[in-house]
Amino acid sequence: MAIAKSERLMNLALCLLGTRRPLSKRELRGSIEAYLEASGDDAFNRMFERDKDDLRELGLVIETVENLEGETGYLARRDSNRLPPITLDAEEAAALGLAAKVWQQARLAGAASGALQKLRAAGMPEAEDSYETHPSALEPRIPVHEAAFEPLMLACRDRRPVVFDYRKANAARPESRQVEPWTLECWRGHWYLAGWDRDRGAERVFRLSRITGKVRSRAGAFTAPVPDVVTVRETVESWAGETATRTARIRLRAGCGYPLRARALSVQEGADGWDELEIPYGHGLDAWLVEFGPDVVVREPADLRADVMDRLRAVAKG
């Protein structure tokens, strides 16, 4: 079975690399013997999707293209799958080794480990593993709890549009969003997706914890240009509240809200069990304040107080 699958993957890779135009699933099925022997369309579709994911996991860049008749085709351009010689010094190798240890998820850990093995086989120098020589050292981790993370990560990598249901903080029910995903960013322990919202015709940022249900992929190419990484990162930080343009005054229950206290510009301790803080005010502060519930009261500005009240009413309505 292992040999048969290896041959099938090799044949599929050769077909995708050898074509000058996108090949449909129908054409690929007629070109690869193992697909012809599949018992029915459902069995073929499952086999093809697994093989396509396996090839992508191995590093083959497979493009999904929709032709004029609306039929989806696949190809792997040679220029997209050719890498220049890779030369890394010991410090760069150590940095890659550290990055590979960051991910907790098994799928990402396997991909990172496989990438390191390929680089070492190509001559990357071995770096001393400080975590093996010093087992008591702290090891970095990036937590990912949202089910939407993996399908969105793959969609960003493959430049595939997606559809998902999204519930805004001040909305009682989720609504469908059609998005061209650009990148994922982690900020303050939460993951955000930056991309192009097709329905609104504008750049948007979505918090993954507010995505409900499954993320569904859609065929076709992106309709909007993808900005550079710096611009996307700045957008995520701005929408998440990193960029502060004003200040706000809040009352905070004594002994609570330490993250708010860490960002405070000034703190006045009160005798009634409440302290008054001046904190930076940027986009997203209202959503953050709501997380502290009854331990926070907004004094000013009035628009921030109104936004927090609207979000609390939406939460109360369920």
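Let's start with a pairing of strands: β1 (residues 23-24) and β3 (residues 72-75) run antiparallel to each other, joined over 2 bridges. Keep in mind that this is a predicted model. The protein chain has 318 residues, and 36% of them count as buried. Its secondary structure adds up to 12 helices and 12 strands.

**The chain as a whole**

- Take the contacts in the protein chain with a separation of 6 or more: 55% of them come from residues 24 or more positions apart.
- The protein chain has an accessible surface of about 18600 Å², and carbon and sulfur atoms hold 52% of that.

**Strands β1, β2 and β3**

- In the pairing of β1 with β3, L23 sits opposite Y74.
- Strand β3 also pairs with β2 (residues 63-66), again in the antiparallel sense, this time over 4 bridges.
- Within β3, the residue standing opposite E63 is L75.
- The β2 and β3 hairpin has 5 residues between its strands, and G70 there takes a positive phi near 85°.

**Aromatic pairs around Y74**

- How many aromatic pairs turn up in a search of the whole structure? The search finds 9.
- One of these is F48 with Y74: the ring centres are 5.2 Å apart and the planes sit at 65°, so this pair is edge-to-face.
- F48 belongs to helix α4 (residues 41-57) and Y74 to strand β3, so the pair ties together parts of the chain that are 26 residues apart in sequence.
- Both partners are tucked away: F48 is buried at a relative accessible area of 1%, and Y74 is buried at 7%.
- F48 and Y74 also belong to one aromatic cluster, along with Y35 and F44.

**The largest nonpolar core**

- As a rule, nonpolar side chains in soluble globular proteins tend to be buried together.
- Here, the largest nonpolar core has 17 residues. Which residues have the most contacts inside it? They are L12, L16, L28, Y35, F48 and L55.
- Helices α1 (2-18) and α4 each supply at least two residues of this core.
- L28 makes a handy landmark for exploring this region. Setting aside neighbours within four places in sequence, L28 is in contact with L12, C15, L16, L23, Y35, F48 and Y74.
- That list brings back some familiar names: L23 and Y74, which stand opposite each other, and F48, the edge-to-face partner of Y74.

**Strands β6 and β7, and another aromatic pair**

- Strand β6 (residues 190-197) runs antiparallel to β7, and 6 bridges join the two.
- D197 has A202 in β7 as its bridge partner.
- The hairpin of β6 and β7 has 4 residues between the strands, and G201 takes a positive phi near 60°.
- Now back to buried residues: F206 has a relative accessible area of 1%, so F206 is buried.
- The rings of F206 and F164 have centres 5.4 Å apart and planes at 85°, so they too make an edge-to-face pair.
- F164 lies in strand β4 (residues 162-166) and F206 in strand β7 (residues 202-207), so this pair links parts that are 42 residues apart in sequence.
- F164 is buried as well, with a relative accessible area of 0%.

**I211 and its surroundings**

- Where is I211 found? I211 is in strand β8 (residues 211-217).
- Is I211 buried or exposed? At 11% relative accessibility, I211 counts as buried.
- I211 and Y166 are 45 residues apart along the chain, yet their C-alpha atoms are separated by 4.6 Å.
- Not counting residues up to four places away in sequence, I211 touches A148, L152, F164, D165 and Y166.
- L152, one of those contacts, is among the buried residues of helix α8 (residues 149-158). The others in that helix are F149, L154, A155, C156 and D158.
- Just after α8, R159 takes a positive phi of about 55°.

**R311 in helix α12**

- R311 is found in helix α12 (residues 302-317), and at 15% relative accessibility it counts as buried.
- What does the side chain of R311 make a polar contact with? The partner is the side chain of D286, at 2.8 Å.

How values were computed:
Residues numbered from 1 in each chain as written. Predicted model: local features only at pLDDT ≥ 70, side-chain atom pairs only at ≥ 80, totals over all residues. Heavy atoms only, no water. Buried < 20%, exposed > 50% of the residue type's maximum accessible area, 1.4 Å probe, protein only. Contact = heavy atoms within 4.5 Å. Areas by Shrake-Rupley, 256 points an atom, 1.4 Å probe, with all protein chains shown as cover. Pairing = 2+ DSSP bridges. Phe/Tyr/Trp six-rings, centres within 6.5 Å; stacked < 30°, edge-to-face > 60°. Core = buried A, V, L, I, M, F, W, Y, C linked by side-chain atoms within 4.5 Å. Polar contact = N/O pair within 3.5 Å; in protein donor to acceptor, adjacent residues only side chain to side chain.
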